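Student: I am new to this structure. Please take me closely through one part, and then through what surrounds the main packing.

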Amino acid sequence: MESLDANFPVRHRKVSLETKGNKTEIVICSYEDHILVIATQIGAMGTILHARKEEGMSVEPTFSVSVIFGKRDEPMMIATARRLIDHISSYVPSKTLVLSLGLKDHSSETLKEIVAAVIENRLW
Amino acid sequence: METEYDQVLHSVAQVKIADQINDSGDVNRDEDGVKVSCFTEVFDDVTLQFQIIRLTKQIYVWIGYNSAKFGNLYAAASTRPSNTVSVTSVLGGTSDNTGSGIARRLVMKAGLNIILACNIPKNNPLLEAKAEKMLIRKLIDLGYTMPTPLRAT
């Protein structure tokens, strides 16, 4: 579901999917310098992560991914943010990702499906 | 067949407070769904853009001042035991706190946790106040506010 107002500078897209019996609502918003992805099963934003590509001299890109609010003991969430920023930076290298995961189930299958849904409905 | 009286009653019922939204009987509305509202207000030569995303237990708001930059991110919630509202800066916004006051007062009005992203420049209290007023009016229109706001101490 795409945003309706063509004049609004921030585009957004809503996706709904079902994984392991949990209904996941995903909202993707594209700001000028950030991409915001909200994936929620609990009706709240949950843990918020921040990810960006680092300016560096080396050939291989490096990324800085961190939890800025919420659970800091789930490495799979950091891996999810890393996967998404990798994808984003290959299209729009200057944008930072703010990812919010409010999930009941943090299994890798669920997170992979979320990543696939976000990439399929991306706004970058 | 619905009479005009029934129609008026139905629309009044829909104006009720946020936690009665599920009882409205409107079959087309997705009760658990995420609702996104976007609107723009222009005054003097300033453009303020608002994006409100209502999740079931939280509201995310973005306020844009003349640009689509994300800005500083604040999280605010009422905290036990006395329901005082606390706010913290989550991204950016280290010393200027532009927007943290708005986040606090929104929690008091809405009764839900608020995540606010705001790119209003600092040292502009008039602009902040205007943005807050517009936002609160919109939240009331959308039915996201509580009838008895939380108290500030």
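Tutor: Leaving out residues up to four places away in sequence, A:His106 touches A:Lys71, A:Glu74, A:Met76, A:Met77 and A:Leu111. Contact here means heavy atoms within 4.5 Å. The model is predicted: local features need pLDDT of at least 70, side-chain atom pairs need 80 or more, and totals for chains, interfaces and linings use all residues. Residues count from 1 along each chain as written, chains are lettered from A and ligands numbered from 1 in written order, and side-chain values use heavy atoms, without hydrogens or water.

Where does A:His106 lie? It sits in the loop between β6 (96–102) and α2 (108–120) of chain A. These are DSSP runs numbered from the N terminus (helices H or I, at least four residues; strands E, at least two). A:His106 has 18% relative accessibility, so it counts as buried (under 20%; exposed is over 50%, partly exposed in between; 1.4 Å probe, protein chains only).

Now chain B. The largest nonpolar core (buried Ala, Val, Leu, Ile, Met, Phe, Trp, Tyr and Cys joined through side-chain atoms within 4.5 Å) has 30 residues. B:Leu48, B:Phe50, B:Ile59, B:Ile63, B:Leu106, B:Leu116 and B:Leu135 touch the most other members. Two or more residues each come from β1 (35–43), β2 (46–54), β3 (58–65), β4 (72–79), α2, β6 (113–118) and α3 of chain B.

Take B:Leu116. Beyond four places in sequence, its contacts include B:Val61, B:Ile63, B:Leu73, B:Tyr74 and B:Ile102. A second, separate core has 28 residues, among them A:Ile28, A:Ile35, A:Val37 and A:Ala39.

Back to B:Leu106 and B:Leu135. Both belong to the meeting of α2(B) with α3(B). From α2(B) come B:Ile102, B:Arg105, B:Leu106 and B:Lys109. From α3(B) come B:Glu128, B:Glu132, B:Leu135, B:Ile136 and B:Leu139.
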